[in-house]
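Colleague: Hey, can you walk me through this one? I'd like to start with what counts as buried.
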Amino acid sequence: MRITTKLQILMMLGAVLPVSVIIMIDQVAIGAGIALLVGLLGPYVAEEWLVTRDLQAIRRFCQHVKDGKYLVPIALPNELPAGDDENEFVSVRRDMNWMARAINLRESQLKAVIDELAAARQELLDQKEEMETVNKRLIEMAMTDSLTGLSNRRHFFDHLEQEVCRVNRNRQNISLFMLDVDHFKKVNDTHGHQTGDTVLQAIAAILRNRIRRSDMVARIGGEEFAVLLSDTDSIEAMHLAEQIRISIKNYSFQTCDGQSMRLTCSIGVCGSAGCNTEQLYKYADLALYHAKNSGRDRVAYYDCEAQGQATGEEQENQKGVTH
């Protein structure tokens, strides 16, 4: 029943009841009293009958929706409108039922989409982590000598350039020495390249164990190694080079057939003394050349200051080099 119909009934009762009493018992005073009583109690009866119960049901439903309980419907006599005579609150409650179901459906669909996005995001994160691992591995491979695990020539020269710029800017010491295995070709010719590879790996381990974490050791080609010593003067560099030379000389290298053999090395050392990258590498290489030409199994030092004072052929071969 529509609210307006209920209201009309109440108003008719409020008007007809006192008149009926007056007519039936011929008592005006009683009829007036009934009319007064209806006037006083009528609004409360009308409120309870017309509004209160339905509003309380709607408020309970709204609280359920607020709490996320979309599947708690309001009890209704049916799911389809009863027609034009249906109570307005019943229509509202039915519409709210459908609204709650629609919200629940949309929320379920949204949750499914969120779950898919979360799965896709996690997949992307996993792919990103995998790519970062692969990229890191590729970078390491690009900077590493595959046989010895040391830095390769390219990485060495990139690092050398940065270190020379740093020490020249801060006026610090830096030393470089070049190491070459004596008569290495004979090792390959006599015992095979597999033994030669084992020798290079053993020398790489000796060098790696002798330097600090701040230093760098690299294989720059064949049997030639380079060691870059940060914040190290020429005296310290010569001392370390000599220790390495003795360690290699005393080391028992193994051939593929289980035989032991001894090898020596030649080392050329140079300190920065304000040299640029090209000069530092050139002077260390000249010192190595001098060590090999002087009988091998020795350490030679290129003195930049003596080089600066020498002339003629001595400038390239002798004056700047000392043992």
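Modeller: Sure. A residue is called buried when its relative accessible area is under 20%. This is a predicted model, by the way.

Colleague: OK, what share of the residues in the chain is buried?
Modeller: Of the 323 residues, 34% are buried.

Colleague: And how many helices and strands does the chain have?
Modeller: You'll find 10 helices and eight strands.

Colleague: What about the surface, how much area does the chain expose?
Modeller: About 20,000 Å², and 56% of that comes from carbon and sulfur atoms.

Colleague: Which residues make the nonpolar surface patch?
Modeller: Leu110, Val113, Ile114 and Leu117 make that patch, which is about 370 Å². Ile114 sits in helix 3.

Colleague: Is Ile114 buried or exposed?
Modeller: In between, really. Ile114 counts as partly exposed because its relative accessibility is 47%, and the partly exposed class lies between under 20% and over 50%.

Colleague: Switching to charge: which residues gather in the negative patch?
Modeller: Glu123, Asp126, Glu129, Glu130 and Glu132 come together on the surface there.

Colleague: Where is Glu123 found?
Modeller: In helix 3, which covers residues 88-143. Glu123 has a relative accessible area of 47%, so this glutamate is partly exposed.

Colleague: Last one, about contacts. With a separation of 6 or more, what percentage joins residues 24 or more positions apart?
Modeller: That would be 64% of those contacts in the chain.

Definitions and conventions:
Residues numbered from 1 in each chain as written. Predicted model: local features only at pLDDT ≥ 70, side-chain atom pairs only at ≥ 80, totals over all residues. Heavy atoms only, no water. Patch = residues over 30% accessible without salt bridge, like charges linked within 9 Å, V, L, I, M, F, W, Y side chains within 5 Å. Areas by Shrake-Rupley, 256 points an atom, 1.4 Å probe, with all protein chains shown as cover. Salt bridge = Lys/Arg side-chain N within 4 Å of Asp/Glu carboxyl O. Lys, Arg positive; Asp, Glu negative; His and termini not counted. Charge placed at Lys NZ, Arg CZ, Asp CG, Glu CD. Helix = DSSP H or I, 4+ residues; strand = E, 2+ residues; numbered from the N terminus. Buried < 20%, exposed > 50% of the residue type's maximum accessible area, 1.4 Å probe, protein only. Contact = heavy atoms within 4.5 Å.
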